Amino acid sequence: MASQRLLNFAAIGFLASVVLIVFWQIETDMKEQGIASGGPYDNAASFPRTIAILVAVLLVAQLITDFLKKRTDTRAEEDLRASDLWRGGLMLVVFAVYLTILTTAGYHLATAPMIFAIMWICGSRRYLVLAVSSVAIATAFAFFFEVFLNVVLPLGVWNIFIPW
Amino acid sequence: MILEFLSAGLDVFLSPLALGFTFAGIMVGLLVGAMPGLGPLMGIILLLPVAIGLPPVAAMGFLIAIFVGGSCGGSVSAILLRIPGTPLAAATLFDGYPLAQKGRASDAIGIAISASAMGGLLGGIVLVFFAPILAGFAANFAPPEYAMLAVMGLFAIVVISGGSIIKGLLSGCFGLLISTVGTDSFSTGLRFTFGSHNLLNGFHIVAVVVGLFAISEMAAQMLGRDLLKKPDVKVARPGLNTITMTVKHYVNLLRSSAIGTFFGAIPGAGGVISSFTSYAVAKALAKPDEKYGEGAEGGVVATEAANNSTVGGTLVPTLALGIPGDASSAMLLGALLILGFVPGPAMFENNPEVVGGIFMVYLASNIFLLIAGILATPLFVYVLRIPKVYLIPSILLLCSIGTFALQASVFDLQIMLLFGLIGILFRSADYPLAPIVIGMILGPILEANLRRALLISRDGYWIFLDRPVAAALVVVNVLLLAAMIYITVQRARGGKKSQLAKALEATDE
């Protein structure tokens, strides 16, 4: 299980990579476009550069703060079991797969299995209830968005739609 | 002038669509407020895609009513389950739950709803009177003033948010950086688009915010072990006599509403601070026989009147200056921008019917809150019994369809997921999420006005000190910066966290 300290460093690492991307883009793409220098009108790099420098300074301050903090393991405090994290992680995987196949399979084919899977991950094992409620939830949302808000939901390669 | 706004707004407000969606917004707000883990911000985020397809006043009526209903709804679970549906209702626990334990749960809910509606109406009066005055004053503002106001909005959010100041600033700066993605409005150059035409207009704010808040919240909910649990709560519909019970505390009601409106108007302060402050003041001024903390009606009146009047207060700088008071009002500001209106003095000048319509929907939503809240309490209590196993996939589905519906774009869905993962990382590392939204909203305002100010200046950055109002705002910003350093040092020295600090931290989650 990841400790709070590790998560802090992960967040710092992420923000540091954002800063690096900002400078890299300014030095390459924005210079090529001729928008990385000049006066306030032409210099589109000035604002992101200033913010990136500020982020870099704050990251150093945060890093120092984290190093100065006493090494305390917060695992017990959080009382999170591996199974809890597994549930959250699996939900994200299912949701990512759903978003990936949504345009190919279409809303009506992809949605009910996604709901079924997430309810199963939540711990429900009453399969008939799972099946009925996942189809009902998917259909109810489709009805609301397609009929009331005129949204065309992804039809997929098989052009599946419900003629309400 | 005020009557002109109201009469202009009345025409657009008195349409079946605006009235219907305002009422629907109250119902949705009460539902999302009652459900622990959701709240008004989440309600606004989830239903923003629905709102932006509506006419402006109906759309704002829907979203503002969710804000109003959501600010009150948290009290239902606070009173019945001892779990505040939103951090706004954290102070309602002190007397609401003991009142329920005495067998007066429906009275406590009725008082909470009545106090919320009356507090909200008083906040509305302040909104209607002061927003046009402030907008009139701000009509003389030029780019230097707007740039400094944007900095002030961001600083204030960071100073008053409960967690680490450095982390708050980092989140705010991250939001500012996100706002720079896309085509630069001055040079028309492309920034951070990586050759993708999907990024020419930057990230869609709804995709980012849904990911940051809703997806990360659902992932957090999945960590709980109560996913199949069905709380056994039952309560009768509150009687109309709860309105009389509330009015009996009229001094407390007026005082708490004033405190709530005042804190609402200060960017960053918000409902949590106002409800805790007004509770503390009410308790300090109460007679000993009122027994605050043991089920005093006045305790519920103080917190609920304050947190709902905050909504009216927070709309004052949001509408008049275009500076959001908190994350929820930032989303309302974002909605107005998507609908094609730029909040600030220009909107008061050019679109009085929209401004007046917003005033009307805000006032009406508080009246609807009283009606719907009292009549439909059993429904909200029933919602508390829905296990999370049904809510989590439903909310994820709403996130996906809502985000897709914005531009029929799969790219937006990918951005939503990406920011969901970033939201999870930020939450896990205790980085507040609200400053990201504020940064994203204020980023374009800050950059455009900063560059305009420098363009019109003959002395570079001295323009910010040459103009009296801009100079005063610079001083305020320096003071806020000093406050940040002071708070950081104080927190580094340690010390126990107050209940208010804990509740403030919870608002960012």
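**Exercise 1.** Classify B:Ala408 as buried or exposed, and state where this residue lies and what is notable about its phi.

*Solution.*
- Step 1: B:Ala408 counts as exposed because 11 other C-beta atoms lie within 10 Å. The criterion places C-beta atoms from the backbone and calls a residue buried at 20 or more other C-beta atoms within 10 Å of its own, exposed at 12 or fewer, and partly exposed in between.
- Step 2: The residue belongs to the loop between helix H18 (388-407) and helix H19 (410-428) of chain B. Helices (H or I, at least four residues) and strands (E, at least two) are DSSP runs, numbered from the N terminus.
- Step 3: Phi of B:Ala408 is near 50 degrees, which is positive in a residue other than glycine.

The model is predicted: local features need pLDDT of at least 70 and side-chain atom pairs count only at pLDDT 80 or more, while totals for chains, interfaces and linings use all residues. Residues are numbered from 1 along each chain as its sequence is written, and chains are lettered from A and ligands numbered from 1 in the order in which they are written.

**Exercise 2.** Describe the phi, the location and the exposure of B:Phe194.

*Solution.*
- Step 1: B:Phe194 is not a glycine, yet its phi is positive, at about 50 degrees.
- Step 2: The loop that holds B:Phe194 runs between strand E2 (190-191) and helix H9 (205-222) of chain B.
- Step 3: B:Phe194 has 11 C-beta neighbours inside 10 Å and therefore counts as exposed.

**Exercise 3.** Locate B:Gly189, assign its exposure and list its contacts.

*Solution.*
- Step 1: B:Gly189 sits in the loop between strand E1 (182-183) and E2 of chain B.
- Step 2: With 19 other C-beta atoms within 10 Å, B:Gly189 is partly exposed.
- Step 3: Leaving aside residues up to four places away in sequence, B:Gly189 touches A:Met30, A:Gln33, A:Ile35, A:Ala44 and B:Asp184. Contact requires C-beta atoms, placed from the backbone, to lie within 7 Å.
- Step 4: B:Leu200 is eleven residues from B:Gly189 in sequence, and their C-alpha atoms are 9.9 Å apart.

**Exercise 4.** Characterise the packing of H3(B) (residues 40-51) against H4(B) (residues 56-81).

*Solution.*
- Step 1: Two packed helices are described by the angle between their axes and the distance between the axes. Axes are lines fitted to C-alpha atoms, for helices over the stretch in contact, and angles run from 0 to 180 degrees between N-to-C directions.
- Step 2: For H3(B) and H4(B) the angle is about 165 degrees and the axes are 9 Å apart. H3(B) is therefore roughly antiparallel to H4(B). Angles under 35 degrees count as roughly parallel, over 145 as roughly antiparallel, 65 to 115 as roughly perpendicular and the rest as oblique.
- Step 3: H3(B) passes H4(B) in a right-handed crossing. A crossing is left-handed if the near helix is turned anticlockwise from the far one by less than a right angle, and right-handed if clockwise.
- Step 4: H3(B) contributes B:Pro40, B:Gly43, B:Ile44, B:Leu47, B:Leu48 and B:Ala51 to the contact, and H4(B) contributes B:Ala59, B:Phe62, B:Leu63, B:Ile66, B:Phe67, B:Gly70 and B:Ser71.
- Step 5: The residues of this contact between H3(B) and H4(B) comprise ten nonpolar, three polar and no charged. Ala, Val, Leu, Ile, Met, Phe, Trp, Tyr, Cys and Pro count as nonpolar, Asp, Glu, Lys and Arg as charged, and the others, Gly among them, as polar.

**Exercise 5.** Repeat the analysis for H4(B) and H14(B) (residues 327-338).

*Solution.*
- Step 1: H4(B) and H14(B) pack at about 175 degrees, with axes 11 Å apart. H4(B) is therefore roughly antiparallel to H14(B).
- Step 2: The contact joins B:Ala59, B:Met60, B:Leu63, B:Ile64 and B:Phe67 of H4(B) to B:Ser328, B:Leu332 and B:Ala335 of H14(B).
- Step 3: In the contact of H4(B) with H14(B) there are seven nonpolar residues, one polar and no charged.

**Exercise 6.** Analyse the contact between chains A and B, including the packing of H1(A) on H8(B) (residues 165-179).

*Solution.*
- Step 1: Chain A supplies 52 residues and chain B supplies 50 residues. On the side of chain A that touches chain B, H1(A) gives the most, with eleven residues.
- Step 2: That side of chain A divides into 38 nonpolar, eleven polar and three charged residues.
- Step 3: H1(A) and H8(B) pack at about 35 degrees, with axes 12 Å apart, and H1(A) passes H8(B) in a left-handed crossing.
- Step 4: A:Leu15, A:Val18 and A:Val22 of H1(A) meet B:Leu170, B:Phe174 and B:Leu177 of H8(B). The residues of the contact of H1(A) with H8(B) divide into six nonpolar, no polar and no charged.

Note on methods
Two residues are in contact if their C-beta atoms, placed from the backbone, lie within 7 Å.
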